[in-house]
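Please read these points with the structure open beside you, taking them in order and finding each element before moving on.

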Amino acid sequence: MCLSRFSASVTMAKVQVLNVAVLDNPSPFGNPFQFEITFECMEDLPEDLEWKIIYVGSAESEEYDQTLDSVLVGPVPAGRHMFVFQADAPNTGLIPESDAVGVTVVLITCTYRGQEFIRIGYYVNNEYTDPELRENPPIKPDYTQLQRNILASNPRVTRFHINWEGCAERMEDSENVDPASNSMLPPSCLPGKAPPLGLLPDNSMDCL
Amino acid sequence: MKLLKPSWVSHNGKPIFSVDIHPDGTKFATGGQGEDSGKVMIWNMAPVLREEDEKNENIPKMLCQMDNHLACVNCVRWSNNGLYLASGGDDKLVMVWKRAAFIGPSTVFGSSSKLANVEQWRCVTILRNHTGDVMDVAWSPHDVWLASCSVDNTIVIWNARKFPEMVTCLRGHTGLVKGLTWDPVGKYIASQADDHSLKVWRTMDWQLETNITKPFSECGGTTHVLRLSWSPDGQYLVSAHAMNNSGPTAQIVERDGWKTNMDFVGHRKAVTVVKFNPKIFKKKQKNGGSPKPSCPYCCCAVGSKDRSLSVWLTSLKRPLVVIHDLFDKSIMDISWTLTGLGILVCSMDGTVAYLDFSLDELGDPLNEEEKNTIHQNIYGKSLAITSTEAQLSTTIIENPEMLKYQQERQNAAQAGSGPGGAGLESTAPKLNSVMNGESLEDIRKNLLKKQVETRTADGRRRITPLCIAQLDTGDFSPALFNSVPILPGSSMPSQLTPQLSSDSSQGQASSLGLRPSHDTLLTSPPVKQSLLLTSASKIEPMKALDSRFTERSKATPGVTADGSSILKDVKNKEETSSDSEDKMAAINKNLSFTKRKADLLMDGGEVVEKRKKGRPRKDKMATPISQCYTNKVLLLLLLNYKLKDCVCVFVQVSMEPSVFLEVENDVSVVAGSKLSQLRCSRDGREWDTLLPSSVVTAAGSSDVIAVACEDRMLSVFSSCGRRLLPAIQLATPMSALHCSSHFVMALTAGARLSVWDVQKQTALVKNESLLTIMSGADTTVSQSLLTQQGVPVIGLSSGKSYCFNSSLETWTLIADKGDSLVQCADFRSCLPSHDAPVSSGPLAVMQGRNLNAGRLASRLSSTPHHLQQSMTLAFLENQLAAALTLLSAQEYRYWLLIYARFLVNEGSEYRLRELCKELLGPVHKSAATAWEPTTLGLRKRELLRELLPVIGQNLRFQRLFTEYQEQLELLRNK
């Protein structure tokens with residue numbers, strides 16, 4: 001005991017993500033993202049869940065993060081549910097040209113009452129399918145020729161404790177929220193310098 | 001002693017706070033800190049026990065991990081039956097886990113370890129009540145209760161048969177409660193807290209039995225846990241951290257007077273955990289040594305903050321063994337295997353250690369029988385049933401037949417743990433598929449197209465997720481702990497259920513009939529038209545009956561009369577009833593007269609159908625008949641109508657063959673006397689006969705038709721219309737008339753009962769007075785019936801039912817609705833687990849089919865087990881005796897099986913043996929024996945053959961099983 005303590009309002013996570021299947025993968029860069037999400041809910045949820053897909057434009061800085069889409073999911077009675085979350089491909093204009101090709105990250109987050117309780121990260125490898133282009137990539141990326149390959153077998157899941165009964169304000173009050181931090185970051189995450197990959201429990205890139 | 005530290009048992013280096021070995025010894029659970037949550041893990045025991053299994057890659061080490069606890073898990077405990085795991089943690093929650101077998105991911109999604117969960121355990125219930133960290137949980141003997149204690153200073157007792165119901169909250173500690181232990185015989189629960197006290201609570205009333213403070217007065221509150229333990233013989237309670245002369249000890253508290261004279265001394269720091277070996281030992285007999293009987297002793301392991309473990313035998317003054325530096329940090333929990341030879345210890349440093357003792361070191365463990373004998377000697381028989389099935393599982397099965405039944409029982413235990421359990425799947429908390437037969441694959445293919453997507457008012461996308469399975473949260477029915485409860489009567493067609501409820505209203509109607517409310521009708525203006533009260537919709541049988549009974553129904557038969565004559569009759573009737581005995585009205589259970597009035601009043605003069613006279617059209621009758629027929633319920637629709645002059649009654653007597661009876665009074669006048677006609681239609685063939693007086697009541701069965709007339713004559717005809725008996729003269733007017741098979745029962749207004757066997761032309765009951773059973777001024781007859789075997793049964797308004805036993809020539813009580821035994825008896829676990837035919841018969845009718853096995857049993861869960869056991873036993877024996885006296889063979893067999901199952905479950909060997917002996921009878925023929933080979937037409941040895949599989953389910957009765965199986969075999973070959 002005594003190793004981690006929570007406020008009285010914290011209860012067990014009501015939603016457990018059981019599986020995320022990456023559909024249409026690999027696919028051309030311009031195709032929409034499709035994730036089939038299966039989750040289980042312990043009891044009826046009075047409010048909707050909010051899911052987001054965030055595309056990390058550049059590992060260097062969060063300012064290139066794009067929220068591809070956010071969607072409300074509800075009503076959610078107790079039980080096991082699934083849905084497909086489809087979101088358009090990222091706006092190429094917002095991606096630094098140097099980061100267009102190579103490895104980046106796509107994040108799926110879910111919030112309840114404004115509090116993020118799960119963050120699922122996937123490594124994404126964008127590369128030209130044409131060997132010629134691969135050898136000699138154009139300076140200005142040709143997105144039509146890029147293939148997106150999500151490393152579906154290796155999701156990185158981070159779960160956060162939230163107050164399922166109350167609203168976000170109380171958690172926002174907690175000490176470790178940096179007002180300057182990106183709003184995408186959950187309150188309990190280290191704000192600031194940590195690159196998006198740092199969110200993942202262990203960023204072993206060696207698996208790529 | 002061997003010592004092993006299986007390095008693979010770890011929570012990734014995080015502390016392990018608790019360890020518990022499954023009762024079957026094949027796995028164990030650990031609880032502690034996870035990555036960012038509490039963690040419960042289930043491990044395979046085999047790789048701990050055997051090196052070759054540890055090396056075998058194909059044998060999984062980790063079976064399941066659960067991250068559901070939000071914060072550190074302080075305690076994990078298996079239920080005694082091994083079906084459930086309870087865990088308590090810093091998140092203030094107690095979770096109860098159950099093995100699941102539904103489709104699902106075999107890994108925790110996104111888990112960094114790619115280790116698959118070999119077993120799926122899921123949380124079936126979350127117990128919320130504590131307002132602080134839960135420190136310890138404990139299942140009571142027999143898994144009746146689950147106790148949890150917390151830093152909120154309370155102990156909560158949960159009803160383990162009905163989670164999440166709370167039985168009580170024990171308040172009294174003024175500090176963090178850090179340990180719990182149940183008395184092995186279930187009489188007490190003890191708790192130890194930081195408030196320098198150890199408290200013992202009674203389970204009888206949940207009050208404090210004793211409060212022990214002296215040995216703890218010097219203690220500081222720095223121990224993480226204070227896991228105390230009760231010895232398996234129940235005689236000693238050993239505390240965790242106590243102080244004696246400034247030294248840390250484990251205090252021994254004697255059950256006798258709660259004396260605190262002894263302690264275990266030697267640890268350098270506070271004792272965190274004490275755990276008794278579940279076995280009682282006796283000294284190993286040395287070869288050639290004197291067989292001097294030695295005193296049995298217990299064995300106890302003590303773990304401390306000083307990182308060392310000591311193991312003590314209560315027969316030795318010094319510890320058997322002390323192991324220092326086993327861990328880097330404090331010992332947190334200890335668990336013994338049920339064999340008593342192995343021990344798992346876990347530590348704050350995140351490791352576990354396994355110690356393996358030999359019999360030479362500990363001694364000879366007593367078997368369950370010997371342990372029971374000790375318990376019986378100390379606590380008496382009733383409290384001593386402590387051996388669990390799991391403990392028995394170590395017994396060697398000697399008989400191949402026995403093995404079969406044991407396996408069947410295990411399969412049943414797995415299958416039967418869910419209502420309607422079919423196969424292994426049902427052990428899972430049910431996820432009710434809502435996919436309408438579509439496969440998950442089909443759904444997934446089209447999910448994107450199919451899912452409903454809308455836009456919210458502010459233009460946001462909103463997806464309605466597709467529900468692929470509903471969570472059955474009502475999983476924790478008592479059925480899970482016992483077998484499937486099939487309540488008597490549950491297989492009755494639902495159509496008949498409402499009729500049961502009319503039972504009470506009938507009683508009301510009867511009493512109503514005695515009130516002066518008669519007058520309302522008498523003075524009410526005559527109804528102008530003639531009334532026909534019959535309508536198909538009004539015919540509803542009053543009792544759920546099967547073919548064996550003739551019973552009157554609430555049906556208002558085709559009564560046609562003109563209003564004035566009704567009034568006249570009413571007056572006549574009033575006069576007759578006033579000059580007959582007072583009791584007449586009381587036992588006049590028919591009261592069709594009153595009822596008809598009630599109908600009249602209810603209808604408010606509304607004329608259902610105007611008809612001058614005569615029988616209702618056939619099509620009117622057809623409706624209820626066909627209904628009955630489709631339900632395949634053989635309804636002997638009533639009979640028993642008090643008829644007035646000019647009244648025609650049309651009744652169906654039997655469905656199969658279909659027999660209709662029609663009575664018409666005053667058909668013609670011959671030589672000044674009025675004649676009545678009795679017409680009977682049987683399978684389309686009709687016969688009729690004339691009677692010299694008005695018919696008052698008629699009844700029939702498939703064999704006989706009986707008619708009572710106004711002149712107090714009773715006539716009996718065969719089903720083809722032959723007069724079977726000369727008219728019988730009754731002393732007083734007929735009150736109730738029943739026919740069943742070839743028996744006729746007459747209940748007269750003079751409160752006298754007669755039953756005749758028409759076939760043999762003898763009287764079974766001779767004008768017997770009901771006054772014996774009708775004590776009390778307000779008692780009335782609320783129900784009467786005649787069984788197929790000719791046993792008359794009388795139900796009284798007091799809720800008691802009697803039958804007249806003609807061989808004993810006495811009234812015998814067969815049912816009492818107010819009997820507390822009925823309400824407290826809990827034999828749910830002994831009910832047939834499959835869809836066996838439920839009890840139906842006279843006993844069920846008289847007791848009401850809503851007889852609910854242990855309806856109050858759960859409410860009385862605080863009743864000590866032995867009390868409830870005795871009540872159940874008494875109840876079941878009553879049922880058997882009642883079925884016997886009612887000559888109801890089917891019910892006798894039904895209750896006999898339940899009774900046997902109960903005896904087997906409860907381990908009542910003497911009764912079981914006597915029962916078997918009686919059923920088997922003498923193996924060798926001898927003239928002197930009075931043993932009857934049959935009872936109620938059932939062959940006793942056949943019954944015994946049916947009982948053997950039941951007996952075979954309890955390993956303890958192995959000898960008994962073999963003995964009787966062999967004798968039966970012997971007899972069969974003769």
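1. In this predicted model, strand 3 of chain B, which covers residues 27-33, runs antiparallel to strand 4 of chain B, and the two are paired over 7 bridges. The connection between strand 3 and strand 4 of chain B is a hairpin of 4 residues, and one of the bridges can be located by finding B:Gln33, whose partner in strand 4 is B:Gly38.

2. Strand 4 of chain B also has a pairing with strand 5 (residues 62-66) of chain B, again in the antiparallel sense, and here there are 4 bridges. To follow this pairing on the screen, look for B:Ile42, which stands opposite B:Cys64 of strand 5.

3. Is strand 4 of chain B mostly covered or mostly uncovered? The strand spans residues 38-44, and 7 of its 7 residues are buried, so by the criterion of under 20% relative accessible area it is mostly covered.

4. In a regular strand, side chains alternate between the two faces of the sheet, so each face deserves its own inspection. For strand 4 of chain B, one side carries B:Gly38, B:Val40, B:Ile42 and B:Asn44, while the other carries B:Lys39, B:Met41 and B:Trp43, and the residues on both sides are all buried.

5. As for the chain as a whole, chain B contains 20 helices and 53 strands, and 58% of its 974 residues count as buried. Chain B exposes about 40,400 Å², of which carbon and sulfur atoms supply 52%.

Terms used: Residues are numbered from 1 along each chain as its sequence is written. Chains are lettered from A and ligands numbered from 1 in the order in which they are written. This is a predicted model: local features need pLDDT of at least 70, side-chain atom pairs count only at pLDDT 80 or more; totals for chains, interfaces and linings use all residues. Side-chain values use heavy atoms; hydrogens and water are left out. Buried means under 20% relative accessible area, exposed over 50%, partly exposed in between (1.4 Å probe, protein chains only). Accessible areas come from the Shrake-Rupley method with a 1.4 Å probe; for residues, only the protein chains shown count as cover. Two strands pair if DSSP finds at least two bridges between them.
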